[in-house]
Amino acid sequence: MRESDKTKRDDRVYIVVAADAATTAALCEGYGVADSCIADPERRTHRAARLRPASILTFFSRDLVRRALENRRAGFRQNWAKARWDDLGRVPGAMRIDKNGRVAWIYRGEHAGDLPPVEELLAR
């Protein structure tokens with residue numbers, strides 16, 4: 001592999017989606033990131049990152065309500081009828097994996113809307 005190809009591969013951003021391949025493709029195509037999405041219907045990455053379910057109290061946090069309102073104003077809607085029961089309290093996470101496959105940085109959310117801004121994630 002040429003050095004430029006290796007560098008390019010190491011700098012890629014991947015989005016792991018807790019859904020089957022068809023749902024993942026539909027979601028990611030809508031945002032123009034389909035080539036960067038990986039389906040994980042068994043939620044293996046979530047368990048491997050030791051992301052714990054959110055406390056029921058976080059559903060009433062001001063921060064979650066604020067994030068939900070921001071998302072609604074931006075046109076995003078949650079379809080609760082299609083949500084899996086075990087996904088309702090699932091918290092998000094983000095990781096930076098180094099070129100040796102080791103976790104160099106991890107962020108574990110406190111509630112369903114808790115992720116740093118994308119600019120901060122990409123700066124990691």
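This short talk walks through a disulfide, a strand hairpin and a surface patch in the structure above.

Please keep in mind that this is a predicted model, in which local features need pLDDT of at least 70 and side-chain atom pairs count only at pLDDT 80 or more, while totals for chains, interfaces and linings use all residues. Residues are numbered from 1 along each chain as its sequence is written, and side-chain values use heavy atoms, with hydrogens and water left out.

Let me start with the disulfide, meaning a pair of cysteine sulfur atoms within 2.5 Å. The structure holds 1 disulfide, and it is formed by Cys 28 and Cys 37, whose sulfur atoms lie 1.9 Å apart. The torsion about their S-S bond is about -95 degrees, so this disulfide is left-handed. Are these two cysteines buried or exposed? Buried means under 20% relative accessible area, exposed over 50%, and partly exposed in between, with a 1.4 Å probe and protein chains only. Cys 28 is buried because its relative accessible area is 4%, and Cys 37, at 15%, is buried as well.

Next comes the hairpin, where strands are DSSP runs (E, at least two residues) numbered from the N terminus, and two strands pair if DSSP finds at least two bridges between them. Strand 3 (residues 93-97) and strand 4 (residues 103-108) run antiparallel and are joined by 5 bridges. Ala 94 stands opposite Tyr 107 in strand 4. The hairpin has 5 residues between its strands, and Gly 101 takes a positive phi near 85 degrees there.

Finally, Ile 15 lies in strand 1 (residues 15-17), and with a relative accessible area of 35% this residue is partly exposed.

Methods: Helix = DSSP H or I, 4+ residues; strand = E, 2+ residues; numbered from the N terminus.
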